[in-house]
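Here are some worked exercises to try with a structure viewer open beside you. Have a go at each task before reading its solution.

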Amino acid sequence: MVTAELAVATLAAAALMIMLSWGIFLITIQLRCIDTAAAVARQSARGDTAAVVAAKGRAPSGAVIEVTKTPTLVRVDVRVSIRPFRWATGASPGSGRDFGSGLGSVDVRADAQVVPEPGA
């Protein structure tokens with residue numbers, strides 16, 4: 001009887017650990033999106049194209065970055081869709097190695113708005 005209870009408790013602990021790890025991973029990706037959006041907006045407002053390219057390079061893999069400039073505002077939107085276990089296996093869409101294909105995806109989004117500097 002103790003063996004069966006230990007097996008169930010071990011599986012429950014493993015499932016909890018996986019869920020907590022997934023949550024921490026999503027928080028990390030959200031923070032990277034926020035940092036990327038802020039950096040790209042700030043450098044776009046300054047007119048520094050080399051720094052914009054460098055800031056875009058620090059975005060999460062697969063992120064879509066949209067920059068909208070008006071005379072009074074620079075707006076940057078960063079979006080990425082994340083599927084469980086795809087990042088761990090390195091699977092690309094359509095490959096047979098995607099273990100999390102039935103688990104759905106999580107959309108992570110961040111945006112930033114900055115007033116452009118004069119003369120930029």
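## Exercise 1: Lay out the sheet

β1 and β2 run antiparallel and are joined by six bridges. This is a predicted model, and that pairing is a good place to begin reading it.

**Task.** Work out how many strands the sheet has, in which order they lie, and which of them are edge strands.

**Solution.**

1. Begin with the inventory: the protein has three helices and three strands. From the N terminus on, these elements follow one another as α-α-β-β-α-β.
2. Next, look at the link between β1 and β2, which is a hairpin through four residues.
3. Now add the other pairing: nine bridges connect β2 with β3, again in the antiparallel sense.
4. Put the pairings together. The result is an open sheet of three strands in the order β1-β2-β3.
5. β1 (64–69) and β3 each pair on one side only, and these are the edge strands. From one strand to the next, the twist averages 15°.

## Exercise 2: Match residues across the strands

**Task.** Find which residues stand opposite I65 and T68 in β2, and which residues of β3 partner D77 and I82.

**Solution.**

1. Take the β1–β2 pairing to start with. I65 faces V78, and T68 faces R75.
2. Then move to β3. Opposite D77 you will find D111, while I82 has V106 as its bridge partner.
3. For background, strands of a sheet pair through backbone hydrogen bonds, either parallel or antiparallel.

## Exercise 3: Place V76

**Task.** Decide whether V76 is buried or exposed, and list what it touches.

**Solution.**

1. Locate the residue: V76 belongs to strand β2.
2. Check its accessibility. V76 has 0% relative accessibility, so it counts as buried; the cut-off for buried is under 20%.
3. List the contacts, leaving out residues up to four places away in sequence. V76 touches A37, V40 and A41, and also I65, E66, V67, A110, D111 and A112.
4. Pick one pair to compare sequence with space: V76 and I65 lie eleven residues apart in sequence, with 7.0 Å between their C-alpha atoms.

## Exercise 4: Trace the nonpolar core

**Task.** Identify which elements build the largest nonpolar core, and which of them gives the largest share.

**Solution.**

1. Count the members: the largest nonpolar core has 18 residues, and those with the most contacts inside it are I29, C33, A37, V76, V80, I82 and V108.
2. Assign them to elements. Two or more residues come from each of α1, α2, β2 (74–82) and β3 (106–114).
3. Compare the shares: α1 gives the largest, with eight residues.
4. Zoom in on C33. Beyond residues up to four places away in sequence, C33 touches P60, V78, V80, V108 and A110.
5. Relate this to the sheet, on which α1 packs, touching β1, β2 and β3. The direction of α1 makes about 25° with that of β3.

## Exercise 5: Find the two sides of α2

**Task.** Sort residues of helix α2 into buried and exposed, and say what covers the buried ones.

**Solution.**

1. Collect the buried residues of α2 (residues 49–57): A51, V52 and A55.
2. Check their directions. These three cover an arc of only 105° around the axis, which means that they lie on the same side of α2.
3. Turn to the other side of α2, where T49, A50, V53 and G57 are exposed.
4. Look for the cover: α1 (2–46) is among what covers the buried residues of α2.
5. Follow one residue of α1 to see such contacts. Q43 sits in helix α1 and, apart from its neighbours within four places in sequence, is in contact with D48, A51 and V52.
6. Classify Q43 too: its relative accessible area is 14%, so Q43 is buried.

## Exercise 6: Step back to the whole protein

**Task.** Find what percentage of the residues count as buried, and what percentage of the exposed area carbon and sulfur atoms supply.

**Solution.**

1. Of the 120 residues, 26% count as buried.
2. The protein exposes about 7,800 Å², and carbon and sulfur atoms supply 64% of that area.
3. For the range of contacts, consider residues at least 6 apart in sequence: 61% of the contacts between them join residues at least 24 apart.

Terms used: Residues are numbered from 1 along each chain as its sequence is written. This is a predicted model: local features need pLDDT of at least 70, side-chain atom pairs count only at pLDDT 80 or more; totals for chains, interfaces and linings use all residues. Side-chain values use heavy atoms; hydrogens and water are left out. Buried means under 20% relative accessible area, exposed over 50%, partly exposed in between (1.4 Å probe, protein chains only). The arc is that of the directions from the helix axis to the C-beta atoms. Contact means heavy atoms within 4.5 Å. A nonpolar core is a set of buried Ala, Val, Leu, Ile, Met, Phe, Trp, Tyr and Cys residues joined through side-chain atoms within 4.5 Å. Two strands pair if DSSP finds at least two bridges between them. Axes are lines fitted to C-alpha atoms, for helices over the stretch in contact, and angles run from 0 to 180 degrees between N-to-C directions. Accessible areas come from the Shrake-Rupley method with a 1.4 Å probe; for residues, only the protein chains shown count as cover.
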